[in-house]
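User: Hi! I am new to reading protein structures. Could you walk me through this one?

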Amino acid sequence: MNLSHPKFELTIVVPVYNEEDNLARVKEEFNSYFSASPYRSKVLFVNDGSSDYSQMMIEKICKSSDRYQYIELNQNMGLSAALKAGIDHAETEFVGYIDSDLQTSPFDFDFLMEYRHDYALVTGYRRDRKDSFVKNMSSTVANNFRRFMTKDKAIDTGCPLKIMQTKYAKKIPFFTGMHRFIPALIMLQNGEMKQVPVRHFPRIAGEAKYHLFNRMIGPFKDCFAYRWMKKRYINYEISNQG
């Protein structure tokens with residue numbers, strides 16, 4: 001696979017699960033971003049088994065421009081699976097990620113792209129979060145525990161705005177909850193991380209798919225799984241090839 005794509009350098013993975021109320025705005029926002037950004041980027045929608053009209057809307061969007069592509073999973077597999085599927089199908093030198101609820105802005109990718117050649121991962125952190133007290137508190141607790149367990153130093157690993165060098169992203173081991181550990185999983189490959197403040201907005205349409213149990217119990221369990229995997233992880237580099 002040729003990762004130096006002649007037309008695009010960044011594939012932005014957009015996982016979608018029952019987001020029919022947001023997709024028209026997603027198209028509008030990205031069309032504006034594509035017009036303004038100096039970087040050559042495209043969107044890869046990953047439909048994670050939506051049961052509403054999301055797939056129909058995605059196909060319509062993709063017919064409007066070669067800036068949009070999609071893959072559809074045969075059933076709902078969760079955010080980690082959708083993100084990993086998008087990474088696996090990326091053919092550009094860099095791969096990004098943003099949620100379809102647009103609580104972060106695609107325009108902020110330009111701030112991250114400035115550091116793309118120097119860091120394996122450039123991740124945003126939400127400087128002024130527009131979430132409920134319960135959501136913010138549960139995320140703070142989960143983030144603190146994750147940092148203690150992984151030593152990844154990530155301020156806000158749940159921020160849905162990231163850019164990775166694709167050669168690192170494709171080597172991320174896949175497991176449920178993987179999306180919470182991207183900084184730690186890049187660290188296993190001896191990759192370096194840059195953290196950049198980004199804007200955060202209230203959700204305008206649709207409903208959040210992750211609640212207190214998802215943000216607290218799951219991450220605690222996954223931290224122990226990560227610790228187990230870290231002790232057994234093999235990171236190799238090829239020194240020569242003939």
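Analyst: Happy to! Let us begin with a definition: two strands pair if DSSP finds at least two bridges between them. Keep in mind that this is a predicted model. With that in hand, strand β5 (residues 121–126) and strand β6 (residues 161–165) are joined by three bridges, and the two run antiparallel.

User: Which residue in β6 is the bridge partner of V122?

Analyst: β5 covers residues 121–126 and runs antiparallel to β6. Looking across to β6, the bridge partner of V122 is I163.

User: How many helices and strands does the protein chain have, and in what order do the strands of the sheet lie?

Analyst: The protein chain has eight helices and seven strands. The open sheet has seven strands with mixed pairing. Neighbouring strands in this sheet are turned by 20° against each other on average, direction ignored. Reading across the sheet, the order is β3-β2-β1-β4-β6-β5-β7.

User: Which strands are the edge strands?

Analyst: Look for strands that pair on one side only. In the order of this sheet, β3 and β7 stand at the two ends. The edge strands are therefore β3 (68–72) and β7, because each pairs on one side only.

User: In which sense do β1 and β4 pair, and which residue of β4 stands opposite I12?

Analyst: Four bridges connect β1 and β4, and the pairing is in the parallel sense. Opposite I12, in β4, stands G96.

User: How many bridges join β4 to β6, and what is the bridge partner of Y97 in β6?

Analyst: β4 and β6 run antiparallel, and five bridges join them. One of the partners in β6 is M164, which is matched with V95. For Y97, the bridge partner in β6 is K162.

User: Is β4 mostly covered or mostly open, and which of its residues point the other way from F94, G96 and I98?

Analyst: In a regular strand the side chains alternate between the two faces of the sheet. β4 is mostly covered, with five of its five residues buried. F94, G96 and I98 point one way, and the residues that point the other way are V95 and Y97.

User: What about β6: how many of its residues are buried, and which ones point the other way from L161, I163 and Q165?

Analyst: β6 is mostly covered too, as five of its five residues are buried. L161, I163 and Q165 point one way from the strand. Pointing the other way are K162 and M164.

User: Which strands does helix α1 lie across, and what angle does helix α2 make with β3?

Analyst: Helix α1 (residues 23–36) lies across β1 (10–16), β2 (41–47), β3 and β4 (94–98), and runs at about 165° to β2. Helix α2 (residues 54–64) also packs on the sheet, where it touches β1, β2 and β3. The direction of helix α2 makes an angle with that of β3 of about 150°.

User: How many aromatic pairs are there in the whole structure, and what kind of pair do F30 and Y33 form?

Analyst: A search of the whole structure finds eight aromatic pairs. F30 and Y33 are three residues apart in helix α1, so about one helical turn separates them. Their rings lie 6.4 Å centre to centre with 80° between the planes. That makes the pair edge-to-face.

User: Where is F107, which pairs with Y33, and is F107 buried, partly exposed or exposed?

Analyst: The ring centres of Y33 and F107 are 5.7 Å apart and the planes are at 80°, so this pair is edge-to-face. The pair links distant parts of the chain, 74 residues apart: Y33 in helix α1 and F107 in the loop between β4 and α4 (109–113). Y33 has a relative accessible area of 0% and is buried. F107 has a relative accessible area of 28%, so F107 is partly exposed.

User: Which residues do ring pairs link into a cluster?

Analyst: F30 and Y33, both buried, belong to the cluster. Its full membership is F30, Y33, F34, F45, Y68 and F107.

User: Where is H200, and which side chain does a polar contact join to that of H200?

Analyst: H200 sits in the loop between β7 (193–198) and α8 (212–232). Its relative accessibility is 5%, so H200 counts as buried. A polar contact of 3.5 Å joins the side chain of H200 to that of Q103.

How values were computed
Residues numbered from 1 in each chain as written. Predicted model: local features only at pLDDT ≥ 70, side-chain atom pairs only at ≥ 80, totals over all residues. Heavy atoms only, no water. Buried < 20%, exposed > 50% of the residue type's maximum accessible area, 1.4 Å probe, protein only. Polar contact = N/O pair within 3.5 Å; in protein donor to acceptor, adjacent residues only side chain to side chain. Axes fitted to C-alpha atoms, helices over the stretch in contact; angles between N-to-C directions. Contact = heavy atoms within 4.5 Å. Phe/Tyr/Trp six-rings, centres within 6.5 Å; stacked < 30°, edge-to-face > 60°.
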